[in-house]
Amino acid sequence: MFARSRTDARFSQSCFSDVGISRQPRLDAQTFLQRLQGQKHYGDQVVHVESLAEREPEFADAPGGLAPAVVSALAAQGIERLYSHQAEAIEHVRAGQNVVVVTGTASGKTLCYNIPVVEALAREPGATALYLYPTKALAQDQLRGLGKFRLPDQGADFLAGTYDGDTPQNLRRKLRNGGNVILTNPDMLHQGILPQHARWNRFFTRLRFVVIDEIHAFRGVFGSHLANVVRRLDRICRNYGSAPQFICCSATIGNPREHAERVTGRPMHLVDRDGSPRGPKEFVLWNPPPLDTAAVGPSGDWRVGGDRRSSIGEAVGLMTSLVQEGVQTIAFVRTRLAAELIYKSCRDRLRGMSRRLADSVQAYRGGYLPEERREIERRLVSKEILGIASTSALELGIDIGSLEACILVGYPGTVASLWQRAGRAGRGREESLVFLVGQNAPMDQYLMTHCDYLFGRNPEQAVVDPDNPHVAVGHVKCAVAELPLTQEETALFGPYTQTLLEILEEDGLARRVADQWFWTSSEYPAADVNLRNISGPVYTIQDESAGERVIGTLDEVSALSQLHSHAVYIHGADTYFVNELDVDQKIARVERRDLDYYTQSVQVSQIRIDETEEEKDWRGALLGFGDVTVTTSIPMFKKIKFHSRDSLGFEKLDLPPQTLETLALWFSPPDEIAALLSERGLILGEALIGIANVLVEVAPFYVMCDTQDIGAVVDANCLGRDTLFLHDRYPGGMGFARRCLDRIDEILETAHTVIEECACPDGCPSCVGSALPAFAQTDLDSAVRDRIPNKEAARVLLGQLLGKA
């Protein structure tokens, strides 16, 4: 924890030696902030500090006590009493109820399911349990905790293991034939276990519990797929005569019971009174200063709005200062590239002080090989790493020890995710420090002046749509291949199942005999369904300078924008030049080069309305919703110099366009407002582009989605007039555009507030200036922009429409 100490206001240049890493006495959070504010480079970045008070623990006993083996296992871990939410969850599980536990980060949710499962295994040695985690890394991490409960001499003797793509064949056979607890992920359950259920008949016959950890992470496409996987699991369990209980754990979201019930298809009992302790936390809103210091806001506060210094650069400065003080820190970013940029910049700054100091900084993200990730996790726990820049890969409950500070580079998109990440610092009763560094984005700048949204608002509601036919069709194929599907069971997979089965029959994949559907193809349908997205195949990244060694993977959409020919790919703080992107073989061939620039693709989208589901007059404007086709091409990319962020020019590309059939809402202003804009010399299309940029950022305030889940296009061809389209970025849609339509008043009101309160005179990345769609940005450092749309046009349009002229 931060030890209380009083020192002078100067930062020590380094508290490390070249011989080894040794820490000076640590400072408390408030003293550290005072030191920051005393530095000559400080520019009033602190716009708000929220002091979150310490919370005392609330203990309770499980009715009837605990099994002796459990008591011994807990005592060996230094646990003498249960928190109140743990005791409540155990009581309801013992009563046979399905339970969802919703408490804060590091509140001991794991014990809510490990204890009743171990007790059941002690009573019934042949029983089995299935643990599902969103990632392989989390499953492997939780296995270590479960192993602490195995005490054969006290009756708790069971075989547990992770079953995933990294599990050796001999261990797979052992777990399949005799395992009691299988820890896996939905992908392996979907592709490797359910299709082979006959080989798992012992396990499914004796299945007593299904645990879904971090269920809040299963939303959108991933959650919709998981709900269908659970539907298939239900059929197989019934086939083998079992009816397992479900135990779910979640971070704080707005609709935990509803979400768990939607995913599992079962009524759930909610446990949400958190009895765990919480240490004091200082939560700092840190807004980078504007590049134009002459910019002032409506209230005279120059800290709000305007084009700003790099949020990544600010994060680098904060992390460097924290690492110098020996404070173990994690920085969360939205993209892989941003993680690598922070890692590289911090390492470069610290190398001049101490090589060991520079080596104590690391990046962590998807695309690293499993052995690389395990080694990084080990070094974090052992405190060999003091600063780490991570994507959401470390947001979930992997045990990386107790960190002391957290830097959020940009708002992560949801309040639930923000608190999940902030909870990585100061576990238990330790004091901690959290920075939210604002980006040049409408959402971030709105939060810098409306902090009550973060500290006084309930988190958003998770969204899943398991009945989406684009999601369900793959699982219908899998279900029919696993077991003949009865006519009565077709209702399990949603209202489109009958139509989907008839299409499969026309394609020669399935056949109806009496009231059952049978699989008639030699295909293995599970191999064609990717639970993580609906974006197609995965590209392999091969380093030709190291004997074609595989250094990572990317999905197709990301590969086309980040691994095109002559792109710069960053991995492990090293720069790789892409020699060729082989679209046919799905391989990117790269070579290690020392480059002083990185690349950013430029995307262009066109849209076509296929079918109008709803259209109405709204405040004199045309408001519609329906099926659309979006065609996206990448005609060129930029070269951008590190550190200075100077543009080094563009290079043309020749890549195949990507077509997306999805759902969208559209909005076309009334003719009188278009005429008014024209009279003032303003262009309607410019106004809509500016508003579109704000909407992509603001919509997640009201719909629990990421900015990458939705896209915006301004087009005049569909309706013969300038129209703004807001669409889901998934085939068939995920319900995001529909929910935006339902809350269009609130969304446009917030968009107007963002534009009106921004201090810039002509438009900037903090309001209308996101010249690239949010999903196309591989570098979230918003200082790199194309032409800024006309702010005045957007402001006038919304003001007239909302009656605020």
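These are my notebook entries on a predicted model, one topic at a time.

**Entry 1: the seven-stranded sheet**

I started with an open sheet of seven strands, paired in parallel. Walking across it, I read the order β6-β7-β5-β8-β9-β4-β10. At the edges I found β6 (160-162) and β10 (269-271), each of which pairs on one side only. On average, neighbouring strands here are turned by 15° against each other, direction ignored.

I then looked up what lies on this sheet, and found helix α3 (residues 84-94) packed there. The helix touches β4 (99-102), β8 (207-212), β9 (245-250) and β10. Its direction makes about 165° with that of β10.

**Entry 2: strand pairs, up close**

Which strands flank β4? On one side I see β9, paired with β4 in the parallel sense over four bridges. β10 also pairs with β4 in the parallel sense, over three bridges. V100 is a handy marker for both: it stands opposite C248 in β9, and its bridge partner in β10 is L270.

I also checked where the β4 side chains go. In a regular strand, side chains alternate between the two faces of the sheet. V99 and V101 point one way from β4, while V100 and V102 point the other way. All four of these valines are buried.

Elsewhere in the sheet, I followed β5 (residues 128-132) alongside β7 (residues 181-184): they pair in the parallel sense over four bridges. L132 stands opposite T184 in β7.

**Entry 3: the nonpolar cores**

Next I went inside. The largest nonpolar core has 169 residues, and Y131, I342, I407 and F435 touch the most other members. α22 gives this core its largest share, nine residues. Apart from it I noted another core, of 37 residues, with L130, I212, I215 and F218 among them.

What does I407 touch, leaving aside its neighbours within four places in sequence? I listed A315, L318, M319, L322, T329, I330, A331, F332, F435 and V437.

**Entry 4: helix α16**

Is α16 (residues 442-449) mostly covered or mostly open? Mostly covered: seven of its eight residues are buried. I wrote them down as P442, M443, D444, Q445, Y446, L447 and M448. These buried residues pack against the strands β1 (46-52), β11 (281-286) and β16 (432-437). They also pack against the helices α17 (452-455), α22 (684-698) and α24 (744-757).

**Entry 5: α24 with α25**

From α24 I moved on to helix α25 (residues 791-801). The two pack at an angle of about 140°, with their axes 10 Å apart. Only angles over 145 degrees count as roughly antiparallel, so α24 and α25 are oblique to each other. Their crossing is left-handed. On the α24 side I found L748, A751, H752, I755 and E756. They meet K791, A794, R795, L798, G799 and L801 in α25.

**Entry 6: two positive phi angles**

Last, I looked up two residues that have a positive phi although neither is a glycine. K383 has a phi of about 70° and sits in the loop between α14 (370-381) and β14 (387-390). R619 has a phi of about 55° and is in the loop between β25 (597-618) and β26 (621-641).

Why do I call K383 partly exposed? Its relative accessible area is 32%, and the partly exposed range runs between 20% and 50%. R619 is also partly exposed, because its relative accessible area is 42%.

Note on methods
Residues are numbered from 1 along each chain as its sequence is written. This is a predicted model: local features need pLDDT of at least 70, side-chain atom pairs count only at pLDDT 80 or more; totals for chains, interfaces and linings use all residues. Side-chain values use heavy atoms; hydrogens and water are left out. Buried means under 20% relative accessible area, exposed over 50%, partly exposed in between (1.4 Å probe, protein chains only). Contact means heavy atoms within 4.5 Å. A nonpolar core is a set of buried Ala, Val, Leu, Ile, Met, Phe, Trp, Tyr and Cys residues joined through side-chain atoms within 4.5 Å. Two strands pair if DSSP finds at least two bridges between them. Axes are lines fitted to C-alpha atoms, for helices over the stretch in contact, and angles run from 0 to 180 degrees between N-to-C directions. Angles under 35 degrees count as roughly parallel, over 145 as roughly antiparallel, 65 to 115 as roughly perpendicular and the rest as oblique. A crossing is left-handed if the near helix is turned anticlockwise from the far one by less than a right angle, and right-handed if clockwise.
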